[in-house]
Amino acid sequence: MTEEAREILLKGSNPCRQVKETEDDIVVNLSLRPKKLSEFVGHKEIVDNLKVSLQAATQRKEPLEHLLLSGPPGLGKTSLSHIIAHEMNTKITATSGPAIERAGDLIGILTNLEEGDILFIDEIHRLSKVVEEFLYPAMENFQIDFVIDKGQFARTIKFNLKPFTLVGATTRTGLLAAPLRSRFGIFYALDFYRVEDLAKIVRNSSKVLGMEIDAQAAEEVARRARGTPRIANRLFRRIRDYAQVAKKNGVDLDLAVKSLDELGIDRAGLDELDRKVLRLVLDTFSGGPVGVESIAASLNEETDTIADTVEPYLLKAGYLKRTSRGRLATKLAYEHFGIKYERQEELF
Ligand code: ADP
C-alpha cells in the first residue's frame, strides 16, 4: 500500500469511534440515510409493526402515539424518526436532551409545533428534571402550564399545544425516569444488525456513492462493522477513498481485506478500543470481574463511551459477560488473543 493511500485510508483515524464528523462526512451521511420505510434495511418486525401504527394513525387522521427508540449509537434511531415524519407527511423538529437546557427552551420548541409534527429528542435520558416535568403534560394532554409573575401575583397559565408526536431516542432505557417512560405508547429496542442486512446497506451505499463493491467484499465489510450500520457505512467510505487513490473503479474482497486490516479492524471486527478494553480486563484485571467505571478510568476514556459504544457489542458478541460483580472476560476473549483459558466461569 502506498504512503498516500495509507494516509487517506487512516484519515479520521478510528472510523468506529470518530466522534466529530467532518463536513464531508455529514453530507455523505445524509445522502446515505434511508428516507422511506421501504429503504430501512433489517429489523423486519419493527418495520412491520410501525407500518400498521402509521397506517392506523393516518386513517384516524391523528398523530402517531409518542414513540421511544432505544439501542446503541448508529443503529438507525434518528433515521427512523425522519422516516416517520416522511411517511406521515409532516415536519420534524430535531433536538437533543443536553441541548434543551431550560424549560423556556422546551416551551419555545413545543409552541412552534404544527398539528401532527414530529418532535425528535435524541439522548432523551439526558433531559434535566425540570425540563422533563414540563414535558409530562405536553405529552399527556398537549398542554403546558407556566407560571407568570412572582410572589402573590404568580398565576399558572395553561397553554394548549397542537397535537404532536414525540419520538425519544436513548442509548440507555435504564436511565430514563419511570414517569417519562410510561408516557410513551410505542417502544422499539433496536438491536445489532445481522451481517446480511449490513452487507445490503453497504451495497446500497455503494450505489449512492458511485463506487461498486462486489458481494464478497460487502460481506467482509459487514462482518467487521460491529453490527452497526453507521460503522458499515464509515468503513465503506474509507475503503472507497483507498480504491479511488489506487485508481480502481470497484472494491473487491482483496482490497476490502487489506483496507480493513490497515484501519486496525481485526478479522473478528474488533477495533483498537475494543481490543484495549479486552486486554485490560484480561491482563490487568485477570479476566475480571471489573466495573465499567474502572475500565474507563484505566483507559482514560469517558465511562459513557465504554458503556454506550464499546461494551454493548462486546457483550452481544460474547467477549464479555455481565455478572453482579462486574464484567467478566469469556473463553472467546481469551481465545481471541491466543491466551490459554483456565478459569471456571461458573465460579462467578
Ligand atoms: P442512531 O440515531 O441510532 O445513532 P442513525 O439513524 O443516525 O443512528 O444511523 C446512522 C446511519 O446508519 C444512517 O445515516 C444510515 O446511513 C445508516 N443506517 C442506520 N440504520 C439503517 C437501516 N436500517 N437501513 C439503512 N441504513 C441505516
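In this predicted model, Arg 183 is placed over the face of Tyr 136, at 4.2 Å from the ring centre. The sections below turn to aromatic pairs, salt bridges and one pocket.

**Aromatic pairs**

A pair of aromatic rings is described by the distance of the centres and the angle of the planes. The structure contains three aromatic pairs. One of them is formed by Phe 192 and Tyr 313 in an edge-to-face arrangement, with 5.4 Å centre to centre and 80° between the planes. This contact links distant parts of the chain: Phe 192 belongs to the loop between β7 (186-189) and α8 (195-209), whereas Tyr 313 belongs to helix α14, and the two are 121 residues apart. Phe 192 and Tyr 313 are both buried. Tyr 334 and Tyr 341 also form an edge-to-face pair, with 5.0 Å between the centres and 70° between the planes. Both of these residues, Tyr 334 and Tyr 341, are buried.

**Salt bridges**

The structure holds 26 salt bridges. Three of them are set out in the table.

| Salt bridge | Closest N and O atoms |
|---|---|
| Asp 48 and Lys 44 | 2.7 Å |
| Lys 158 and Asp 145 | 3.0 Å |
| Arg 172 and Asp 308 | 2.6 Å |

Asp 48 and Lys 44 both lie in helix α3 (residues 44-60); because they are four residues apart there, about one helical turn separates them. Asp 48 is partly exposed, at 30% relative accessibility, while Lys 44 is exposed, with a relative accessible area of 59%.

The salt bridge between Lys 158 and Asp 145 has its closest N and O atoms 3.0 Å apart. Lys 158 is in strand β5 (residues 155-160) and Asp 145 is in strand β4 (residues 143-148), so the pair ties together parts that are 13 residues apart in sequence. Lys 158 counts as exposed because its relative accessibility is 53%; Asp 145, at 28%, counts as partly exposed.

Arg 172 and Asp 308 meet through their side chains at 2.6 Å, N to O. Arg 172 is located in the loop between β6 (165-170) and α7 (178-181), and Asp 308 in helix α14, so this salt bridge ties together parts that are 136 residues apart in sequence. The relative accessibility of Arg 172 is 22%, so this residue counts as partly exposed. Asp 308, by contrast, has a relative accessible area of 14% and is buried.

Salt bridges also join several residues into a network, made up of Glu 219, Glu 220, Arg 223, Arg 224, Asp 261 and Arg 267.

**The second largest pocket**

The second largest pocket has a volume of about 300 Å³. It is lined by 19 residues, and those closest to its centre are Ala 307, Glu 311, Pro 312, Leu 315 and Arg 322. Helices α13 (292-299) and α14 (303-316) each contribute at least two residues to the lining of this pocket. The largest share, eight residues, is supplied by α14. By class, the lining of the second largest pocket comprises eight nonpolar, two polar and nine charged residues.

Helix α14 thus recurs in this account: Tyr 313 of α14 pairs with Phe 192 from a distant part of the chain, Asp 308 of α14 is tied to Arg 172, and α14 provides the largest share of the lining of the second largest pocket.

Definitions and conventions. Residues are numbered from 1 along each chain as its sequence is written. Side-chain values use heavy atoms; hydrogens and water are left out. On a 1 Å grid over the protein atoms alone, a cavity is a set of points where a 1.4 Å probe fits but cannot get out, and a pocket is an open set with protein on both sides within 12 Å along at least five of seven lines; lining residues have an atom within 4 Å of a point. Grid points are joined across faces, edges and corners, and a volume is the space filled by probe spheres set on the points. Ala, Val, Leu, Ile, Met, Phe, Trp, Tyr, Cys and Pro count as nonpolar, Asp, Glu, Lys and Arg as charged, and the others, Gly among them, as polar. Rings of Phe, Tyr and Trp (its six-membered ring) pair if their centres lie within 6.5 Å; planes under 30 degrees apart count as stacked, over 60 as edge-to-face and the rest as tilted. Buried means under 20% relative accessible area, exposed over 50%, partly exposed in between (1.4 Å probe, protein chains only). A charge sits over a ring if NZ of Lys or CZ of Arg is within 6 Å of the ring centre and within 35 degrees of the ring normal. A salt bridge is a side-chain nitrogen of Lys or Arg within 4 Å of a carboxyl oxygen of Asp or Glu.
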